[in-house]
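User: Could you take me carefully through the structure shown here, with a few questions and answers suited to a first-year student?

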There are 2 protein chains.
Amino acid sequence: MKNLQVTIDVSDKLFVRNPDASILGQKIIRNAINLIDKLGFEAFTFKKLSIAIGSPESSLYRYFENKHMLLLYLTNWYWSWLEKKIVLETLNIESPIVRLEKAITVLTEPVLEDISVSYVNEVLLNRIIIAESAKAIHTKEVDKENRKGCFDSYKNMVNRVAEIVHEVNPRFKYPRMLVSTLVEGVHQQRFFLKHLPALTDSREGEDSITNFYIQLFFKMIS
Amino acid sequence: MKNLQVTIDVSDKLFVRNPDASILGQKIIRNAINLIDKLGFEAFTFKKLSIAIGSPESSLYRYFENKHMLLLYLTNWYWSWLEKKIVLETLNIESPIVRLEKAITVLTEPVLEDISVSYVNEVLLNRIIIAESAKAIHTKEVDKENRKGCFDSYKNMVNRVAEIVHEVNPRFKYPRMLVSTLVEGVHQQRFFLKHLPALTDSREGEDSITNFYIQLFFKMIS
DNA sequence: CAAATTTAATAGTATTACTATCATTTAAAA
DNA sequence: TTTTAAATGATAGTAATACTATTAAATTTG
């Protein structure tokens with residue numbers, strides 16, 4: 001695992017003021033991640049966040065319109081981070097099939113070690129994505145937000161992997177459907193494993209989720 | 001498509017008073033489905049529901065603890081309904097592989113026609129499941145609610161199909177993971193198709209989602 | 001150093017998510 | 001058919017949420 005001390009760009013449609021560009025902004029992100037992970041997105045409020053930070057609530061609104069936009073920011077950050085990881089892992093590799101294997105590994109392996117150096121804790125963020133990211137998409141404003149580019153990071157990441165699939169098998173018709181099925185499925189199953197194990201045939205310890213989806217993926221494209 | 005005028009049982013852990021057993025209760029369910037579909041779960045409130053029904057807000061709390069429990073009730077109703085559909089479709093069929101094909105068809109085909117006779121509109125309910133069901137599961141109370149049996153309908157349905165998979169191929173190790181991947185994936189992709197089509201390779205009209213998942217399913221178990 | 005920008009401190013509002021009380025209607029039991 | 005119980009209606013009230021507004025202090029930039 002390479003250490004990724006790179007800046008992650010997030011679309012400026014997602015914030016009022018860029019949290020990456022100030023100390024308060026970075027404090028907001030760091031504490032938001034901790035709090036959302038601890039309380040869950042429903043119980044998480046700007047009031048509680050402001051207390052954790054020690055700044056007035058009104059200051060938070062100068063960075064994010066509301067907690068939904070903050071969640072969108074975090075999800076976008078995560079998908080950009082994953083894409084960057086994929087790019088680094090597949091760099092300078094000739095064989096498309098090896099590149100695809102590397103990419104799929106990044107998408108299916110658990111995010112375990114804390115490789116974060118910056119103000120973003122990727123392990124906690126991964127947990128937030130698993131538990132809360134569905135809420136960022138499933139709103140009545142999806143279409144408007146989609147037009148604004150609020151899901152571009154996700155689309156870009158999916159497209160990048162889908163392109164490798166296309167290289168490996170140009171005749172396969174559903175590369176993006178396969179990649180998004182894989183990504184969402186892995187997250188879903190990790191949540192089930194932890195909370196509704198009756199829906200999985202997996203056990204903590206052995207990583208049957210990774211195995212299952214890698215198998216699924218390559219069966220589909222061959 | 002058979003007309004299913006059968007009663008659907010939902011665990012009594014999910015409600016304070018059984019909405020199925022009174023006119024007001026049925027009005028609550030009918031209007032809740034309409035409102036959640038129209039407003040989305042976030043904007044949906046007991047206040048608005050009470051106005052739609054013409055009863056005081058306090059009356060709603062005599063049926064459901066809060067709107068989250070109401071959503072849980074609806075999701076459970078849906079999974080029980082789907083399971084009943086599967087049971088009816090596979091009744092008196094000898095061949096396990098044909099039974100499995102029928103079951104998978106029920107799980108993957110779109111819910112289009114309004115076959116509802118009772119107070120539950122299954123077409124709207126299906127839309128609610130696609131758009132909102134993730135929110136019923138992704139809460140900090142999952143584990144407690146799981147112990148109470150709040151997800152039994154879902155588990156039962158998945159298990160029933162997983163058992164047919166086992167009949168067809170007893171050596172396949174992940175029947176439940178495969179079934180839940182299929183169910184969740186189909187819903188996810190239907191949502192993407194409507195709102196984030198860039199994540200799909202599917203188009204409105206031709207049903208590549210159904211095709212994709214049927215293909216995926218049988219490639220995995222063979 | 002002056003000007004502009006950012007943050008702190010405080011206050012205030014409409015809405016949400018409930019809880020409580022009591023009168024009235026409806027249904028079931030005697 | 002009366003009596004009783006259960007369900008509903010009507011109304012009120014509260015703490016918390018999700019903001020908006022204003023002004024003062026601090027910090028950064030030119």
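**Contacts with the DNA strand**

Analyst: A phosphate oxygen of DNA strand C lies 3.4 Å from an N or O atom in the side chain of A:Arg17, where a polar contact is a pair of N or O atoms within 3.5 Å, and within protein one must be able to donate a hydrogen and the other to accept it, residues adjacent in sequence counting only if both atoms are side-chain atoms. This is a predicted model, in which local features need pLDDT of at least 70 and side-chain atom pairs pLDDT 80 or more, while totals for chains, interfaces and linings use all residues. Side-chain values use heavy atoms without hydrogens and water, residues are numbered from 1 along each chain as its sequence is written, and chains are lettered from A and ligands numbered from 1 in the order in which they are written.

User: Over the face of which residue does A:Arg17 lie?

Analyst: A charge sits over a ring if NZ of Lys or CZ of Arg is within 6 Å of the ring centre and within 35 degrees of the ring normal. At 5.5 Å from the ring centre, A:Arg17 lies over the face of A:Tyr63.

User: Which base atom of DNA strand C lies 3.5 Å from a polar side-chain atom of A:Ser58?

Analyst: B:Tyr61 has a polar side-chain atom 3.3 Å from a sugar or linking oxygen of DNA strand C. For A:Ser58, the partner at 3.5 Å is a base nitrogen.

User: How many residues surround DNA strand C?

Analyst: A residue is near a strand if one of its heavy atoms lies within 4 Å of it. The closest include A:Ser55 and B:Asn66, and the number of surrounding residues is 17.
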